[in-house]
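Hi there,

Here is the structure I promised to pass on. Have a look through it first, and my notes on what turned up follow below.

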Amino acid sequence: MMAKLTGRQRRKLPKSKFALPGRRAYPIDTKARARNALARASQNESKATQKTIRSRVTKMWPSLKKNKRKS
């Protein structure tokens with residue numbers, strides 16, 4: 001279970017700990033939140049924004065990188 005992120009904790013996070021730092025959206029300070037960011041982005045964001053989020057997540061958490069499947 002992911003620990004709850006309070007408003008105060010979120011405000012204290014540096015911009016570098018967000019997948020979209022300009023919007024301070026999708027915190028990726030922990031591996032669990034990074035996974036959650038990927039899941040939420042796939043539900044709510046455009047393909048281009050999803051790509052940006054995936055890039056930021058895999059830069060911070062390389063173990064979350066998925067192998068692209070050939071269709």
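**What turned up**

T30 is partly exposed, since its relative accessible area is 29%. This residue sits in the loop between β2 and α2. If you would like a sense of distance from there, the C-alpha atoms of T30 and K12 are 14 Å apart in space, with their positions 18 residues apart in sequence. Please keep in mind throughout that this is a predicted model.

**The nonpolar core**

Which residues make up the largest nonpolar core? There are 12 in all: A19, L20, A25, Y26, I28, A34, A37, L38, A41, I53, V57 and L64. Two or more of these residues come from each of β1, β2, α2 and α3, the last of which spans residues 47-60. Helix α2 gives the largest share, with 4 residues.

Two members of the core are worth a click while you have the model open. A25 touches R10, F18, A19 and L20, not counting its neighbours within four places in sequence. A41 belongs to helix α2 and is buried, because its relative accessibility is 2% and the cut-off for buried is under 20%. Away from its neighbours within four places in sequence, A41 is in contact with Y26, Q50 and I53. The C-alpha atoms of A41 and V57 are 11 Å from each other, and the two residues lie 16 residues apart along the chain.

**How α2 and α3 pack**

A pair of packed helices is described by the angle between their axes and the distance between those axes. Here the axes of α2 and α3 come within 10 Å and cross at roughly 170 degrees. An angle over 145 degrees counts as roughly antiparallel, and α2 and α3 are therefore roughly antiparallel to each other. On the α2 side the contact is made by A34, A37, L38, A41 and S42, and on the α3 side by Q50, I53, R54 and V57. Sorted by class, the residues in this contact are 6 nonpolar, 2 polar and 1 charged.

Helix α3 also holds A48. Is A48 buried or exposed? A48 counts as exposed, because its relative accessibility is 56% and the cut-off for exposed is over 50%. Between the C-alpha atoms of A48 and P62 there are 20 Å in space, and the two are 14 residues apart in sequence.

**Salt bridges**

How many salt bridges does the structure hold? The count is 2.

One of them joins the side chains of R23 and E45, at 2.9 Å from N to O. R23 is in the loop between β1 and β2 while E45 is in the loop between α2 and α3, so this pair ties together parts that are 22 residues apart in sequence. E45 counts as buried, because its relative accessibility is 18% and the cut-off is under 20%.

The side chains of D29 and R33 also meet in a salt bridge, with 3.1 Å from N to O. R33 is placed in helix α2, which covers residues 31-44. Despite being an arginine, R33 counts as buried, at 10% relative accessibility. Setting aside its neighbours within four places in sequence, R33 is in contact with M2, A3, K4, L5, P27 and I28.

**Two backbone angles to look at**

Most residues other than glycine have a negative phi. Two residues here depart from that sign.

The first to look at is R24, which is not a glycine but has a positive phi of about 50 degrees. R24 is found in the loop between β1 (18-20) and β2 (25-27). This residue is partly exposed, as its relative accessible area is 25%.

Then there is Y26, where phi is also positive, near 60 degrees, in a residue other than glycine. Y26 is part of strand β2. Unlike R24, which is partly exposed, Y26 is buried, with a relative accessible area of 13%. You have already met Y26 above, as a member of the largest nonpolar core and as one of the contacts of A41.

Happy browsing, and do write back with any questions.

Best wishes

How values were computed: Residues numbered from 1 in each chain as written. Predicted model: local features only at pLDDT ≥ 70, side-chain atom pairs only at ≥ 80, totals over all residues. Heavy atoms only, no water. Buried < 20%, exposed > 50% of the residue type's maximum accessible area, 1.4 Å probe, protein only. Contact = heavy atoms within 4.5 Å. Core = buried A, V, L, I, M, F, W, Y, C linked by side-chain atoms within 4.5 Å. Salt bridge = Lys/Arg side-chain N within 4 Å of Asp/Glu carboxyl O. Axes fitted to C-alpha atoms, helices over the stretch in contact; angles between N-to-C directions. Parallel < 35°, antiparallel > 145°, perpendicular 65-115°, else oblique. Nonpolar A, V, L, I, M, F, W, Y, C, P; charged D, E, K, R; others polar.
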